[in-house]
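Here is a short walk for your viewer, one selection at a time. Keep the sequence panel open beside the model, and pick each group as it comes up.

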Amino acid sequence: MKDSIIIVSGGLDSITLLYDKAETIALALSFDYGQNHASKELPFAALHCKRLGIQHIIIPLHFMQQYFKSSLLEGSDKIPEGHYEEDNMKSTVVPFRNGIMLAIAAGIAESHNLSRIYIANHGGDHTIYPDCRPEFIDAMTAATQAGTFNNTRIEAAFTNFTKADIVRVGTKYGINYAETWSCYKSGDCHCGKCGTCIERKEAFSEAGLTDPTEYEA
């Protein structure tokens with residue numbers, strides 16, 4: 001039964017969730033909030049949705065680039081290099097981004113009489129992203145259920161997964177991960193040096209799988 005919406009960025013995590021839950025997804029939402037890598041990730045979101053026959057819409061949120069503070073919104077040269085565990089990576093946080101996206105998704109879900117929202121945050125996000133942590137997802141779920149007539153709930157299936165776990169899930173569906181984008185910069189290929197590139201490399205290594213990604217470094 002197609003009773004759900006998914007927030008899909010075009011990254012490794014959300015594309016894996018897209019395939020994993022495809023049979024229940026009626027609508028996929030992507031957001032263009034002025035992120036440096038929008039031109040890289042959003043076309044992959046559209047590609048995979050088309051391949052799976054899932055309706056896909058891109059919602060513009062350009063006010064975030066205008067009013068919010070984050071290196072993710074300020075150009076590729078502002079993106080720090082290093083592992084997510086390093087303090088400098090906190091500059092990549094877009095304040096309350098998931099809260100805004102989930103609130104919009106809840107309104108669209110109720111408008112389409114859909115009762116579930118999928119989001120692909122995972123255990124590796126918890127270190128620096130407050131709006132990816134289990135307690136945040138629980139609180140937002142309580143809000144969406146209380147604030148909608150159809151008790152829309154949020155399902156974050158990968159909350160306790162590592163990125164390596166997610167890659168392993170994706171292999172079941174034959175996902176070509178070269179057709180996903182993780183890098184916070186917008187170069188011709190993944191930079192290989194920012195936190196999300198490092199995490200991506202580690203995921204394939206830990207999973208014992210070949211990484212098809214082209215990196216500058």
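The tour below goes from the nonpolar cores to a strand pairing, then to annotated sites and a few loop residues. Bear in mind that this is a predicted model.

**Stop 1: the largest nonpolar core**

Begin by selecting I5, L29, F31, Y33, L102 and I117. These residues touch the most other members of the largest nonpolar core, which holds 40 residues. Next, colour the elements that give two or more residues to this core: β1 (4-7), β2 (25-32), α4 (97-111) and α5 (134-146). Which of them gives the most? That is α4, with seven residues.

Now centre on I5 and show its contacts. Leaving out residues up to four places away in sequence, I5 touches L27 and L29, then A105, I108 and A109, and also L114, R116, I117 and Y118. Two of these partners, L29 and I117, were in your opening selection as well.

Before moving on, add L12, A28, A203 and A207 in another colour. They are among the 24 residues of a second core, separate from the one you just viewed.

**Stop 2: β2, α2 and β3**

Switch to a cartoon view and select β2 together with β3 (residues 55-60). The two strands run parallel and are joined by six bridges. To see one of the pairings, pick D32, whose bridge partner in β3 is P60. Then trace the chain from β2 to β3: the path goes through helix α2 (residues 38-52), and this β-α-β crossover is right-handed.

**Stop 3: an annotated stretch from V8 to L18**

Select V8, S9, G10, G11, L12, D13, S14, I15, T16, L17 and L18. UniProt lists these positions as "binding site", in an unreviewed entry. From this set, V8, S9, G11, L12, D13 and S14 belong to the lining of the largest cavity.

Zoom in on G10, in the loop between β1 and α1 (12-20). Is G10 buried or exposed? Its relative accessible area is 0%, so G10 is buried. With its neighbours within four places in sequence set aside, G10 is in contact with I15, E41, F44, A45, T180 and W181.

Follow that contact to I15, which lies in helix α1. I15 also counts as buried, because its relative accessibility is 0%. Beyond its neighbours within four places in sequence, I15 contacts V8, G10, F44, A45, H48, I175 and T180. Showing both contact sets together is handy here: F44, A45 and T180 appear in the list for G10 and in the list for I15.

**Stop 4: four cysteines**

Select C183, C191, C194 and C197. The unreviewed UniProt entry places a "binding site" feature at these positions.

Start with C191, found in the loop between α6 (163-171) and α7 (195-207). At 5% relative accessibility, C191 falls under the 20% limit, so C191 counts as buried. Display its contacts and you will find C183 and C197, along with K185, E216 and A217, not counting residues up to four places away in sequence.

Move to C194, in the loop between α6 and α7. C194 is buried, with a relative accessible area of 0%. Its contacts, again without residues up to four places away in sequence, are I79, P80, E81, G82, C183 and Y184. C183 is thus a contact you can show from C191 and from C194.

**Stop 5: loop residues**

Select F96, in the loop between α3 (63-67) and α4. F96 is not a glycine, yet its phi is positive, near 55 degrees. F96 is partly exposed, at a relative accessible area of 48%.

At the other end of α4, jump to N113, in the loop between α4 and β4 (116-118). N113 has a positive phi of about 55 degrees, although it is not a glycine. Is N113 buried or exposed? It counts as exposed, because its relative accessibility is 63% and the cut-off is over 50%.

Finish on G124, in the loop between β4 and α5. G124 is partly exposed, with a relative accessible area of 27%, and it touches F161 and E199 when residues up to four places away in sequence are not counted. For a last look, draw a C-alpha to C-alpha distance from G124 to E110: they are 14 residues apart in sequence and 30 Å apart in space.

Conventions:
Residues numbered from 1 in each chain as written. Predicted model: local features only at pLDDT ≥ 70, side-chain atom pairs only at ≥ 80, totals over all residues. Heavy atoms only, no water. Core = buried A, V, L, I, M, F, W, Y, C linked by side-chain atoms within 4.5 Å. Buried < 20%, exposed > 50% of the residue type's maximum accessible area, 1.4 Å probe, protein only. Helix = DSSP H or I, 4+ residues; strand = E, 2+ residues; numbered from the N terminus. Contact = heavy atoms within 4.5 Å. Pairing = 2+ DSSP bridges. Right-handed = clockwise from strand over helix to strand, strands pointing away. UniProt positions renumbered as here; feature names shortened; annotations may be inferred. 1 Å grid on protein atoms, 1.4 Å probe; cavity = no way out; pocket = protein on both sides within 12 Å on 5 of 7 lines; lining within 4 Å.
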